[in-house]
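Biologist: Please take a close look at one part for me, the interior, and go through it slowly. I am new to this, so give the cut-off for each term when you use it.

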Amino acid sequence: MAAPSRARDPQSVLFACAMNSVRSPMAESLLRHMFPQGLYVKSAGARKGDLDPFAISVMAELGQDISTHKPQTFEELEDWEGLNFDLIITLSPEAHHKALELTRTLAADVEYWPTHDPTTIEGSRDQKLAAYRDVCDQLLMRIRRRFAKVGAASG
């Protein structure tokens with residue numbers, strides 16, 4: 001019988017997107033709030049961006065403060081903490097390719113969750129916020145589905 005995948009019940013999860021400014025910090029916060037002690041959760045980007053004010057606003061609507069999040073790249077995270085994650089969840093094609101490169105030498109599983117980039121939405125403030133809320137809702141639904149068994153096992 002093959003050994004079970006480390007990702008089935010991960011102890012540490014890294015979310016990654018293009019610039020670590022919208023999708024991955026949202027996902028990091030959502031999962032961290034779901035399992036405040038149960039999982040080690042971080043986020044990184046393929047490139048470095050600036051934290052997006054719309055992402056801060058949408059997360060604040062859920063009572064989650066990401067305003068102190070400092071966007072970082074895979075390389076910065078590796079330099080500061082290492083990349084010792086059981087599971088890397090990528091949210092953009094660029095981050096997915098980067099994670100696959102890195103996992104050639106790391107014992108981490110990679111899952112790709114294609115997630116729309118809300119920064120591409122044109123329109124009013126309300127239309128932009130709606131796009132960010134949609135991304136947040138999609139991430140929350142996906143996280144709940146993916147980590148439901150982890151919660152049952154630790155609860």
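Modeller: A residue is called buried when its relative accessible area is under 20%, exposed when it is over 50%, and partly exposed in between, using a 1.4 Å probe and protein chains only. This is a predicted model, in which local features need pLDDT of at least 70 and side-chain atom pairs count only at pLDDT 80 or more, while totals for chains, interfaces and linings use all residues. Residues are numbered from 1 along each chain as its sequence is written, and side-chain values use heavy atoms, with hydrogens and water left out.

Start with F74. With a relative accessible area of 1%, F74 is buried. F74 belongs to helix α3 (residues 74–81); helices (H or I, at least four residues) and strands (E, at least two) are DSSP runs, numbered from the N terminus. Contact means heavy atoms within 4.5 Å. Beyond its neighbours within four places in sequence, F74 is in contact with ten residues' worth of surroundings listed here: L14, A16, A44, G45, A46, L83, A95, K98, A99 and L102. The C-alpha atoms of F74 and L102 are 9.0 Å apart, although 28 residues separate the two along the chain.F74 is also part of a nonpolar core, that is, a set of buried Ala, Val, Leu, Ile, Met, Phe, Trp, Tyr and Cys residues joined through side-chain atoms within 4.5 Å. In soluble globular proteins, nonpolar side chains tend to be buried together. The largest such core here has 29 residues, and those with the most contacts inside it are F15, M26, L31, I89, L91, I143 and F147. Two or more residues come from each of β1, α1, α2 (53–61), β3 (87–90) and α5 (125–154). The most come from α5, with eight residues. Apart from this core lies another, of 12 residues, among them F74, I88, A99 and A108.

Within the largest core, take I143. Leaving aside neighbours within four places in sequence, I143 is in contact with F15, A27, L30, L31, M34, W113 and A148.

Next comes β3. Both of its faces are covered, since L87 and I89 on one side and I88 and T90 on the other are all buried. Two strands pair if DSSP finds at least two bridges between them. β1 and β3 run parallel and are joined by four bridges, with L14 opposite I88. Four bridges also join β3 to strand β4 (residues 109–112), again in parallel, and I88 stands opposite V110 there. From β3 the chain crosses through helix α4 (residues 93–102) to β4 in a right-handed β-α-β crossover; right-handed means that, with the strands pointing away from the viewer, the path from the first strand over the helix to the second runs clockwise.

In α2, the buried residues include F54, A55, V58 and M59. They lie on the same side of α2, because they cover an arc of only 130° around the axis, the arc being that of the directions from the helix axis to the C-beta atoms. D52 caps the N-terminal end of α2, with a side-chain oxygen 2.7 Å from the backbone nitrogen of F54. After α2 comes G63, whose phi is positive, near 80°.

Two loop residues complete the tour. S21, in the loop between β1 (12–17) and α1 (23–34), is buried, with a relative accessible area of 8%. Not counting residues up to four places away in sequence, S21 touches G49, D50, L51, D52 and A55. H69, in the loop between α2 and α3, is buried as well, with a relative accessible area of 15%. The side chain of H69 makes a polar contact with the side chain of N20 at 3.1 Å; a polar contact is a pair of N or O atoms within 3.5 Å, where within protein one must be able to donate a hydrogen and the other to accept it, and residues adjacent in sequence count only if both atoms are side-chain atoms.
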